[in-house]
Amino acid sequence: MRLAQHMAVASDRVSATAIEATAFPDLSRAYRVSAVPKIVINDRVEFEGALPEPDFLGAVLRAAGPAA
Amino acid sequence: MGLLNERDQAAVRKEFEKLSGPVKLVVFSQSLEAAELCRQNEELVREVAELAPDTITVEVLNLAIDRERAEAYGIERVPAIVVEGARDYGIRFLGIPAGYEFSNLIDSIIAASSGTAALSAETQRALAGLTEAVDIKVFSTPT
C-alpha cells in the first residue's frame, strides 16, 4: 500500500484502496486473492508481492494505457 | 484500555512530528453489518487522532444513513477509512488497518498532511502524464 498511497497523493488520477482480505472474503474471491500482498490495478493488471518503485510504476502505466 | 500500547503510541507520536497541514479521517461504520469490526475500527482511528489532536480530525459516518457521503467517497463496504488532506487524494482503507497496514495508515496520514509524495522525480513525472483514472487495490492480511 505504501507506494500506491504515495502515487495517490502525487496524482489526481490515482486512487489507492487497502483491503483487508480476511474481512472481505467476497472481494478476495472476486479478485482471486491467494497470496498477499496482491495488487490489482484498474481490474486489468495484477501481481503478488512487493515490487520496487520503477516496476510498480510500470504496472500502473500498463494498466492506464490503451487496452492491448 | 486502548488498542495501541504505550510503545505504539510513542512510535506514532514520533512519526507525527512530520505532520504539517490538517488531516481528516472519515470513518464509515454500520451498526448492523460488522458491528464489532466497525467499533474497533472507530476506536483505532480515534486513538490515532488523539496523538495529534491539533492536526487530525475524525468524522464517523454511517454507511446506511449517510448514503450521499458514502457514494461521494465511493464507499460501499464497512469498516472503511478515508484519509483526506488539503483535498481527497483517493486514499481508502477497507477493514481494520492492523499489522503492516497500520504503518501504512500512519504513513498515508503524513503524506496527506503535506500533500507531498515520497516518490522519485522520475515516478512523479510519469504519473503527471496520466490521462486515465488509475484505481489501485492492495489486498493484505493483518499478519
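In this predicted model, strand β2 (residues 38-41) of chain A is joined by four bridges to strand β3 (residues 45-48) of chain A, and the two strands run antiparallel. Within this pairing, A:I41 stands opposite A:V45 of β3(A). The two strands, β2(A) and β3(A), form a hairpin in which three residues lie between them, and A:N42, located in the turn, has a positive phi of about 50°.

Strand β2(A) also takes part in a pairing with the other chain, since four bridges join β2(A) to strand β5 (residues 134-140) of chain B, again in an antiparallel arrangement. In this pairing, the bridge partner of A:I39 in β5(B) is B:V138. In a regular strand, the side chains alternate between the two faces of the sheet. Both faces of β2(A) are covered, with A:K38 and A:V40 buried on one side and A:I39 and A:I41 buried on the other.

Turning to chain B, B:V83 is placed in strand β3 (residues 80-84) of that chain. The relative accessible area of B:V83 is 0%, and B:V83 therefore counts as buried, the limit being under 20%. Leaving aside residues up to four places away in sequence, B:V83 touches B:V23, B:K24 and B:L25, together with B:I91, B:F93, B:L105, B:S108, B:I109 and B:A112. With respect to B:V27, B:V83 is 56 residues away in sequence, while the C-alpha atoms of the two residues are 9.0 Å apart in space.

Technical notes: Residues numbered from 1 in each chain as written. Chains lettered and ligands numbered in written order. Predicted model: local features only at pLDDT ≥ 70, side-chain atom pairs only at ≥ 80, totals over all residues. Heavy atoms only, no water. Buried < 20%, exposed > 50% of the residue type's maximum accessible area, 1.4 Å probe, protein only. Pairing = 2+ DSSP bridges. Contact = heavy atoms within 4.5 Å.
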